2 protein chains.
Amino acid sequence: MMPKTSHAAGLHRASLEKLHDLDAALELMYYGWRGMTLLADEYLAKRGLSRPHHRILYVVARRPDIAIGSLIEILGISKQALNRPLNLLLERKLLTSKRSPEQHRSKLLRLTQAGHRIEQRASDHERKVMRDAFDRVGAPGAAAWMAVMETIADNN
Amino acid sequence: MMPKTSHAAGLHRASLEKLHDLDAALELMYYGWRGMTLLADEYLAKRGLSRPHHRILYVVARRPDIAIGSLIEILGISKQALNRPLNLLLERKLLTSKRSPEQHRSKLLRLTQAGHRIEQRASDHERKVMRDAFDRVGAPGAAAWMAVMETIADNN
DNA sequence: GGCGTCACGTCAATATAGTTGACATGAGAA
DNA sequence: TTCTCATGTCAACTATATTGACGTGACGCC
């Protein structure tokens, strides 16, 4: 539900009247997501990639030899939606796909060296933002942040 | 960078291997945003509305008599992008627009009773999620959450 | 009183990120 | 052999954005 201002590059928090005491929290969730992903998205954009590509790289990095079907399930998108970004990553040789020896009908995905590098750098941008924020509140504050987010995330 | 599972309705947190200690935080940010907006989005969808409509209603609720140009600036979108959702809200009579007595060239937007009701109910869904999460960690935990998110949000 | 600018409206083309449906292929299992 | 699984791909569509161009009515000013 929110905003931006003068500078073209980055939106900043709007100073809207608060009608409820939790309005600030709603706005922080919105701006927080943007704040965390802003640098990573800029980094990816310079390489002609975007969030969907990062999501694929992120998952494959953590599940080497994942099959395409599993990837679709984890990402929560259709195979048609996966197709384009996945093929781009294969063309760019950020990912490799090979069929497994036994289960010859599924393709197993892996990151190449270059793929690892990009995944790491993009995620590093996001982790740095989190680290800086956690450093300001110390370990107990960080733990509280995690606890709050877990409660919200599991609200399904 | 993430996920989903069996049920069609709501994604749930993926159990991916953590390569870095802050990976959990990255995933929580992703799922947290979804978790907070899930119920509100379902509520809005039942009424043929979506996030952009809610953003407009949210801002107008907090800036009665806002001009279209200011709304564009706050939302950070182009006037062409604003056009469709704004006109829908006007057609549905959730918003009114009138020209001001003096400044006859700008249009002033206001919520109708129905508009207020929808804005309030949608935002209530989000505030409830936040309230439940804050209740679990108490006031100091909530303050820590806010402090972390402010640092991240201002990362522009 | 005319000129320029401001605020708004709208048309067209494009991009991105997704959807559903249909259909094809090669591999394995029954 | 036939059925099903895992994958690939084509087409059409939706939603949400973008930029550029152009139009109109309302002021502001010399």
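Which residue is the bridge partner of B:Ser97 in S3(B)? It is B:Leu109, and we'll come back to that pair once the scene is set.

First, some ground rules. This is a predicted model, where local features need pLDDT of at least 70, side-chain atom pairs count only at pLDDT 80 or more, and totals for chains, interfaces and linings use all residues. Residues are numbered from 1 along each chain as its sequence is written, chains are lettered from A and ligands numbered from 1 in the order in which they are written, and side-chain values use heavy atoms, with hydrogens and water left out.

**How the two protein chains relate**

Let's start with chains A and B. Turn chain B by 180°, with 0.0 Å of shift along the rotation axis, and it superposes on chain A with an RMSD of 0.1 Å. That is the relation of a two-fold axis. In chain B, the C-alpha of B:Trp145 is the one nearest the axis, 2.4 Å from it. (The superposition is by least squares on the C-alpha atoms of residues with pLDDT of at least 70 in both copies.) What about the surface where the copies meet? 100% of the interface residues of chain B are also interface residues in chain A, so the copies meet through the same surface. Contact here means heavy atoms within 4.5 Å.

**The little sheets**

Now for the strands. Helices (H or I, at least four residues) and strands (E, at least two) are DSSP runs, numbered from the N terminus. Two strands pair if DSSP finds at least two bridges between them.

In chain A, 3 strands make an open, antiparallel sheet in the order S1-S3-S2. Its edges are strand S1 (66–67) and strand S2 (95–99), each pairing on one side only. S1(A) pairs with strand S3 (residues 107–111) of chain A over 2 bridges, in the antiparallel sense, and A:Ala67 has A:Leu108 as its bridge partner there.

Over in chain B, 2 bridges join strand S1 (residues 66–67) to strand S3 (residues 107–111), again running antiparallel. B:Ala67 stands opposite B:Leu108. Strand S2 (residues 95–99) of chain B is joined to S3(B) by 5 bridges, also antiparallel, and this is where B:Ser97 meets its partner B:Leu109.

**Two odd backbone angles**

Chain B has a couple of residues worth a look. B:Asp65 isn't a glycine, yet it has a positive phi of about 65°. It lies in the loop between helix H2 (51–62) and S1 of chain B. B:Lys93 isn't a glycine either, and its phi is positive too, at about 60°. You'll find B:Lys93 in the loop between H4 and S2 of chain B.

Buried or exposed: where does B:Lys93 fall? B:Lys93 is exposed, with a relative accessible area of 60%, while B:Asp65 counts as partly exposed at 29%. (Buried means under 20% relative accessible area, exposed over 50%, and partly exposed in between, using a 1.4 Å probe and protein chains only.)

**Where the protein meets the DNA**

A residue is near a strand if one of its heavy atoms lies within 4 Å of it. Of the 20 residues around DNA strand C, those that come nearest are A:Ser78, A:His104, B:Gly69, B:Lys79 and B:Lys107. Around DNA strand D there are 22 residues, and A:Lys79, A:Lys107, B:Ser78, B:Gln80 and B:His104 come nearest.

Which parts of the DNA are involved? For strand C, 55% of the atoms within 4 Å of the protein belong to sugar or phosphate and the rest to bases. For strand D, sugar or phosphate again makes up 55%, with bases as the rest.

Here are some of the polar contacts, meaning pairs of N or O atoms within 3.5 Å (within protein, one must be able to donate a hydrogen and the other to accept it, and residues adjacent in sequence count only if both atoms are side-chain atoms).

| Protein residue | DNA strand and atom | Distance |
|---|---|---|
| A:Ser78, side chain | C, phosphate oxygen | 2.5 Å |
| B:Ile68, backbone | C, phosphate oxygen | 3.1 Å |
| B:Lys79, side chain | C, base oxygen | 2.4 Å |
| A:Lys79, side chain | D, base oxygen | 2.3 Å |
| A:Lys107, side chain | D, phosphate oxygen | 2.2 Å |
| B:His104, backbone | D, phosphate oxygen | 2.7 Å |

The largest share of the surface near strand C, 3 residues, comes from H4(B). Near strand D, the largest share is 4 residues, from H4(A).

Terms used. Least-squares fit on C-alpha atoms with pLDDT ≥ 70 in both.
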